Amino acid sequence: MPRFSLKQYQPRVLIAMAIYTVFIMFVWPLVSKTTSLPLKVLLAVAPTVPVLYVIAQMARLIRNSDELERHTHLVALSTATAVVSALTFVAGFLVTAGVVKLDGSSLLWVYPAMVFCYGLVRWRLIRSYGGSMYCDEELSIKPYVFLMLFGVVLLFAGVPLTGHVNERELGFVYGTGGAFIVCGLLFMAVHWYKRKYRSE
C-alpha cells in the first residue's frame, strides 16, 4: 500500500476548508429561512461534510505514518480529547447551575478547540524529540500558512453570521480568526528568522 504523505493530505484539507467556507457563507444562512424540516436538517448538517472528510483524511494519515509519527499523533489526540472533554464537563456543570449562560452554538467550538489543542501538543512533542514541523521535504504547505488560512476561513464564516448571532458571539468569531492569523504571522517570522540566522 503506497504511503499517504503530508503532501497528499494538505491539498485535500485546503479544498475541504474552501468547501466548508462556501457552505457557511451560502448554505448555512438558508437554514433560518427554510420551513421544511427535512430540508432544514440537510442544510444544517451540510457544513459538517467537509469537516468529517478532513477527520477521515487525518485518520488515514495517522494509519499510514511510521511508528514515531503515529505515536506523536495519538498522544496529541488523546491529550486534546482529555483536555477538551474535561473543559466541556466543567462548563456543563456551570451552565446547569446557572453560573454561565451558553446556548447550543457553543458546541461549534468543541472541534476547533480539539484541533488547536492537538496541534499545540503535537508541536511540543516533536520539539521534545528534536524534530521540526517545518520539514521542507515533507511539507508542501507550512503549518503557519495553515494557521493563517484557518483564520481567514473564520473571518469569512463570520460574514453570513452578522445579524443572526449576538455581538459577543460575532466578536468571538472575528477575534479567534484574527488571533489565528496573527499566530501564523508570528510563527512565520520566527521561522524566517531562524532560517536566516542558521544560514549565516
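The exercises below work through a predicted model of a single chain, each with a solution in steps.

**Exercise 1. Describe the secondary structure of the chain and state what share of its residues is buried.**

Solution. Begin with the inventory of elements, which comes to seven helices and zero strands. Read from the N terminus on, the order is therefore written α-α-α-α-α-α-α. Next, turn to burial: of the 200 residues in the chain, 30% are buried. The accessible surface comes to about 12,800 Å², and carbon and sulfur atoms account for 72% of that area. Finally, consider the contacts between residues at least 6 apart in sequence, of which 70% join residues at least 24 apart.

**Exercise 2. Compare the annotated transmembrane regions with the modelled chain over residues 12-31 and 74-100.**

Solution. The first step is to read the record: the unreviewed UniProt entry carries the annotation "transmembrane region" for residues 12-31, 37-62, 74-100, 106-123, 144-165 and 171-193. The second step is to look at the model over two of these ranges. Over residues 12-31 the chain is 80% helix and 0% strand, with 27 Å between the end C-alpha atoms. Over residues 74-100 the chain is 85% helix and 0% strand, and here the end C-alpha atoms lie 33 Å apart.

**Exercise 3. Check the span of helices α1 and α4 against the expected values, and list their buried residues.**

Solution. Helix α1 covers residues 6-27, and its 22 residues reach 30 Å from the first C-alpha to the last, which is close to the 32 Å expected at 1.5 Å a residue. The buried residues of α1 are Tyr-9, Gln-10, Val-13, Ala-16, Met-17, Thr-21, Ile-24 and Val-27.

Helix α4 occupies residues 67-96. With 30 residues, α4 reaches 43 Å between its first and last C-alpha atoms, close to the expected 44 Å. Buried in α4 are Thr-72, His-73, Ala-76, Ala-80 and Val-84, and the cover over the buried residues of this helix includes α3 and α5.

**Exercise 4. Classify Thr-48, Leu-87, Val-90 and Leu-107 as buried, partly exposed or exposed.**

Solution. The cut-offs needed are these: under 20% relative accessible area is buried, over 50% is exposed, and values in between are partly exposed. Thr-48, found in helix α3 (residues 48-63), has a relative accessible area of 36% and is therefore partly exposed. Val-90 in helix α4 stands at 48% relative accessibility, so Val-90 also counts as partly exposed. Leu-87, which lies in helix α4 as well, is exposed because its relative accessible area is 58%. Leu-107, in the loop between α4 and α5, counts as exposed because its relative accessibility is 66%.

**Exercise 5. Give the spatial separation of three residue pairs, and name the members of the nonpolar surface patch that contains Val-90.**

Solution. Take the pairs in turn, from C-alpha to C-alpha. Leu-107 and Thr-88 are 19 residues apart in sequence and 9.1 Å apart in space. For Leu-87 and Val-110, 23 residues apart along the chain, the separation is 9.6 Å. For Thr-48 and Ile-24, with their positions 24 residues apart in the chain, the separation is 9.9 Å; Ile-24 is one of the buried residues of α1.

The last step concerns the patch. Val-90, Leu-94, Val-99, Val-100 and Leu-102 form a nonpolar patch on the surface, and together they have about 390 Å² of accessible area.

Key: Residues numbered from 1 in each chain as written. Predicted model: local features only at pLDDT ≥ 70, side-chain atom pairs only at ≥ 80, totals over all residues. Heavy atoms only, no water. UniProt positions renumbered as here; feature names shortened; annotations may be inferred. Helix = DSSP H or I, 4+ residues; strand = E, 2+ residues; numbered from the N terminus. Expected span 1.5 Å × (residues − 1). Buried < 20%, exposed > 50% of the residue type's maximum accessible area, 1.4 Å probe, protein only. Patch = residues over 30% accessible without salt bridge, like charges linked within 9 Å, V, L, I, M, F, W, Y side chains within 5 Å. Areas by Shrake-Rupley, 256 points an atom, 1.4 Å probe, with all protein chains shown as cover. Salt bridge = Lys/Arg side-chain N within 4 Å of Asp/Glu carboxyl O. Contact = heavy atoms within 4.5 Å.
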